[in-house]
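Hello,

Here is the structure I promised to pass on to you. Have a look at it first, and then read on for what turned up when I went through it.

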Amino acid sequence: MNIFILNLLMLILAGQSLIFSTASAATSIQLNCTTCDSRSEYERNVKEDNTLDRNKTVVLVVGASGSIGQPAVAQAYSKGYETRALVRNPNQSSLFPNGVKVMVGDLTRPETLHDAVAGVTGIIFTHGSGGNNPQAAEQVDYGAVRNILSVLESPARIALMTAVGVTKPTVGHDWKRRGERLVRASGLPYTIVRPGWFDYNDRDQHHLVLRQGDTHWAGAPSDGVISRRQIAQVLVASLTSPSANHKTFELVAEKGPAQTDLDPLFSALPADPALEVDAIDDRDNLPLSGEPQSVIKDLNTLRGHFKN
């Protein structure tokens, strides 16, 4: 009898222990859920903070060691932006102001460009192959745009420099124009600047004029002239101007003083047609139906890639 009562008491105690354990487990699960909710909210806040961090102006200049790249780096840095200069040779750091972050990469090798674009909010393209070499034009004038955009993980504002007369069919121009098309197809905010002949302007020739339609095809300074410093100024200014978004224009200077406020110049221009790969008023003389399949593939890959 005593043994029976003892066993009964043990069963009762075991049941109470099981009930307590179950209740404790339920409490523990509830606490974990509360912790998870708090962690989720914390992670959301961190993401928001990261978004705010990304909204800090971080500018990458492509072709930074060139004659337009160097003043573009200097102007971006002088505005207080976190400025990165993309170069192939790390010994070129002396070309830039102290405080500019020199990034080493090869524009023809996308695997070398990830660090350069990480966290950027603006990219200024000032690169160029020079001459009319078909392979260099494809690999550099076009390929650099494709490769940078292909490794870009978050949206950034683009300022792309090409050239006045870019719609006049030549090997070099065609590849630059294809680079423009990649930028428009990407869905990113952008400004495309087609500057006139560098530093052919007179001392009193600094009044900026923005044209559209690319109708000047002489292939000489008569197409328009502009200082390198002003090209860099317009490229940098376009990154933070809503009025410059989705606009393509030729940039030249006429006699007269330089304007201090560029927004009225940007605002006066119509934007490029939505969902089109060519600029407003451009001639339809490079039809997509005749483009290389590799170019069509690149356009399709990038088209809307950064849209949510």
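Let me start with the second largest pocket, which has a volume of about 290 Å³. Its lining is made up of 15 residues, and those nearest the centre are G63, R88, L107, H127 and V140. Sorted by class, that lining holds 5 nonpolar, 8 polar and 2 charged residues. Please keep in mind throughout that this is a predicted model.

The largest pocket has a volume of about 550 Å³. Of its 27 lining residues, T162, A163, V164, H173 and K176 are the closest to the centre. Two elements give two or more residues to this lining, namely α5 (171-185) and β7 (197-198). Which element gives the most to it? That is α5, with 3 residues. By class, the lining of the largest pocket comprises 7 nonpolar, 15 polar and 5 charged residues.

There is also enclosed space to look at. The count comes to 1 cavity of 30 Å³ or more, and the largest cavity holds about 50 Å³ of space. Its lining consists of H127, D141, V145, L160, M161, T162, K176, G179 and E180. If you put the lists side by side, you will see H127 again, which is among the residues nearest the centre of the second largest pocket and also lines the largest cavity. T162 and K176 recur too: both are among the residues closest to the centre of the largest pocket, and both line the largest cavity. At least two residues of the cavity lining come from each of α4, β5 (157-161) and α5. Here again α5 stands out, since the largest share of the cavity lining, 3 residues, is from that helix. The classes in this lining are 3 nonpolar, 3 polar and 3 charged.

Now for the overall picture. The protein has 8 helices and 10 strands, and buried residues account for 43% of its 308 residues. Taking contacts between residues at least 6 apart in sequence, 75% of them join residues at least 24 apart. The accessible surface is about 16000 Å², and 55% of that belongs to carbon and sulfur atoms.

The aromatic residues are worth a moment of your time. In all, the count is 3 aromatic pairs. One of them is formed by Y142 and W175, a tilted pair with 5.2 Å centre to centre and 55° between the planes. Y142 sits in helix α4 (residues 134-151) and W175 in helix α5, so this pair ties together parts that are 33 residues apart in sequence. Are these two residues buried or exposed? Both Y142 and W175 are buried.

Another of the pairs is F249 with F266, also tilted, at 6.0 Å centre to centre and 40° between the planes. F249 belongs to strand β10 (residues 247-254) and F266 to helix α7 (residues 263-267), so the pair links parts that are 17 residues apart in sequence. F249 and F266 are both buried as well.

Two helices deserve a closer look, and α2 (residues 69-78) is one of them. Its buried residues are G69, A72, V73, Q75 and A76. The spacing of such residues can be read with the helix geometry in mind: an α-helix has 3.6 residues a turn, so residues three or four places apart point the same way. What covers the buried residues of α2? The cover includes β1 (58-62), β2 (82-87) and α6 (228-238). After α2 comes G80, with a positive phi near 90°.

The other helix is α6, where you will find I231. I231 has a relative accessible area of 0%, so this residue counts as buried. Leaving aside residues up to four places away in sequence, I231 touches I68, M161, P195, F198, I226 and L251. One of these partners, P195, is 36 residues from I231 in sequence, yet the C-alpha atoms of the two are 6.8 Å apart. Another partner, M161, also lines the largest cavity.

If you open the model, I would begin with α5, which gives the most to the lining of the largest pocket and also carries W175 of the tilted pair with Y142.

Best wishes

Technical notes
Residues are numbered from 1 along each chain as its sequence is written. This is a predicted model: local features need pLDDT of at least 70, side-chain atom pairs count only at pLDDT 80 or more; totals for chains, interfaces and linings use all residues. Side-chain values use heavy atoms; hydrogens and water are left out. Helices (H or I, at least four residues) and strands (E, at least two) are DSSP runs, numbered from the N terminus. Buried means under 20% relative accessible area, exposed over 50%, partly exposed in between (1.4 Å probe, protein chains only). Contact means heavy atoms within 4.5 Å. Accessible areas come from the Shrake-Rupley method with a 1.4 Å probe; for residues, only the protein chains shown count as cover. On a 1 Å grid over the protein atoms alone, a cavity is a set of points where a 1.4 Å probe fits but cannot get out, and a pocket is an open set with protein on both sides within 12 Å along at least five of seven lines; lining residues have an atom within 4 Å of a point. Grid points are joined across faces, edges and corners, and a volume is the space filled by probe spheres set on the points. Ala, Val, Leu, Ile, Met, Phe, Trp, Tyr, Cys and Pro count as nonpolar, Asp, Glu, Lys and Arg as charged, and the others, Gly among them, as polar. Rings of Phe, Tyr and Trp (its six-membered ring) pair if their centres lie within 6.5 Å; planes under 30 degrees apart count as stacked, over 60 as edge-to-face and the rest as tilted.
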